[in-house]
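Please look through the chain below with its fold in view. The paragraphs that follow move from the whole span to a sheet, a ligand shell and a single side chain.

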Amino acid sequence: APAGQTGPFAIPTELLIGEHWAPAASGKRIDVVNPSSGEVLTSIADGGVDEAIATVDAADAAAAGWAATPPRKRAEILLACFHAMMAQQEWLAQIISLENGKALTDARGEVAYAAEFFRWYAEEAVRINGELTMAPSGANRIMVQYQPIGIALLITPWNFPAAMATRKIAPALAAGCTCILKPAEETPLTALAVAEIMRRAGVPAGVVNVFNTSDPGPACSAMLHDPRVRKLSFTGSTEVGRILLREAADQVISSSMELGGNAPFLVLDDADLDEAIEGAMVAKMRNAGEACTAANRFYVQRGIHDAFVAKLCERMGALTVGAGTDAATQCGAMINQESIDKIERLVADAVDRGAEVRLGGKTLDRPGFFYPPSVIANVQPGSEILGTEVFGPVAAVMAFDDVDEAVALANATEYGLAAYVYTGDLKRGLQLAERIECGMVAVNRGLVSDAAAPFGGMKQSGLGREGAHHGMLEYCEAKYIAVSW
Ligand code: ADP
């Protein structure tokens, strides 16, 4: 376990295969780095293809028993996971901050959000309702019943190491599926701690398995070619999502994909400036911008533009940047050097094309991976930052005159995850929300994430939905029985 961490147990660092935490046969380890310092925190077992298949064996051995466990019992176990996780909120927040670099306030919020999936799906587990209708011909009944789809492979990213895991595990378990979690190499400790919390809260052996690897391609491919695996749920980049969809194609595995975003944030002249700024701060700065729902492009109507930019610079400039685990930190570290390189490249490209840096705009010269809150205004069409997630604390702002033009700009991307609209006229806001090609639109709000809401994207931002009742149906097969009586 990382130095200085006291918790209810030492964070496991091996693979969770069925009942046991097991080392990798190869003896290989993956270093886990603290992005706030660049220092190695600890190392974890680096699994290979054989161990990947061993986790499928374990999930398979537990599958029939878990599917036959009464829904009420599954619900009680999930509720126990919720309470057990919240009891360790502070400890888990520390682990998240240490390995991800995000500010503790963000990390505490993530733990609460993550735990909420257990509570929500505890409530859903007993509501997997089927349907019974008369066939139009009158000849028979149409009976539909939802059955667990089978073993699920869950692949998660590093930006929300707790919430992206529970958002998949909880509905899988509620539906009666067993699973294998493959966390991101950068942030495995949170997932390992959550898995141990779940075990102690009563999740039976083999129902949740955890597999870490430094080489996810071959291991995940092997699992997706094992006939026992029937579900893939992935959150990560569109690029890797495409690879996994191809891998899943061979066995026609049901795939849920939460991929990249490129969220537009529209501010209309009639918006309340203070509310729009408040929303912008959340939409841009939650997790220091490392969220697929993060506002990536601010389109601000001419009449309110200058005031918006001035206020945004003031508020973003007042944030304290620092190590995630420092109590004063409001904007933590980026995950790694590649992340810094990408931000620098996108800002340089925008500036080359005529944008003006109004705040920040330069990597901080200190250990760890720090980019300051930054505002670039007058971003020109064609700038790379308008088409690529910056995944950092950089707000790219442009003025617009006509609302139809703003909608066209908002939709001019292959992504369609989240969007934000601020206006004083709710009718207009709702009309705009319907025209924006995104799975989620926040109207006069800076946050969309909610365990009770269907989270997901249109276009190349993904397939399927997580959260809400929808999220559980992703782990179910609709079994139709035609019956005459
Ligand atoms: P990010 O850009 O956010 O790091 P990635 O899409 O690279 O996102 O990674 C998200 C998750 O996908 C991580 O758990 C990573 O290990 C996993 N991953 C990356 N490449 C592959 C692959 N070829 N097959 C399976 N999983 C992969």
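Between residues 21 and 481 the end C-alpha atoms lie 42 Å apart, and this span is 41% helix and 21% strand, where helices (H or I, at least four residues) and strands (E, at least two) are DSSP runs numbered from the N terminus. The coordinates are a predicted model, in which local features need pLDDT of at least 70 and side-chain atom pairs count only at pLDDT 80 or more, while totals for chains, interfaces and linings use all residues. Residues are numbered from 1 along each chain as its sequence is written. For residues 21-481, an unreviewed UniProt entry gives the feature "domain: Aldehyde dehydrogenase"; such positions are in the numbering used here, feature names are shortened, and annotations may be inferred rather than shown by experiment.

Towards the start of this span, strand S3 (residues 29-34) and strand S4 (residues 39-45) pair in the antiparallel sense over 6 bridges, pairing being assigned if DSSP finds at least two bridges between two strands. In this pairing Ile 30 stands opposite Ile 44 of S4. The two strands form a hairpin with 4 residues between them, and Gly 38 in the turn has a positive phi of about 80°.

An open sheet of 7 strands, with mixed pairing, follows the order S14-S15-S16-S13-S12-S18-S19. Strand S14 (356-359) and strand S19 (440-443) stand at its edges, and because each has a single partner strand, one side of each is left without a neighbour in the sheet. Strand S18 (residues 418-422) runs parallel to S19 and is joined to it by 4 bridges, with Ala 419 opposite Val 441 in S19. Helix H13 (residues 426-435) packs on the sheet, touching strand S12 (263-267), S18 and S19, and its direction makes about 165° with that of S19; axes are lines fitted to C-alpha atoms, for helices over the stretch in contact, and angles run from 0 to 180 degrees between N-to-C directions.

The ligand is surrounded by 15 residues, of which the closest are Pro 216, Cys 220, Gly 236, Ser 237 and Val 240, a residue being near a molecule if its C-beta atom, placed from the backbone, lies within 6 Å of it. Helix H7 (216-224) and helix H8 (238-249) each supply at least two residues of this shell.

Leu 92 is found in helix H3 (residues 89-100). Beyond its neighbours within four places in sequence, Leu 92 is in contact with Met 85, Val 111, Ala 162, Thr 190 and Ala 193, contact meaning that two C-beta atoms, placed from the backbone, lie within 7 Å.
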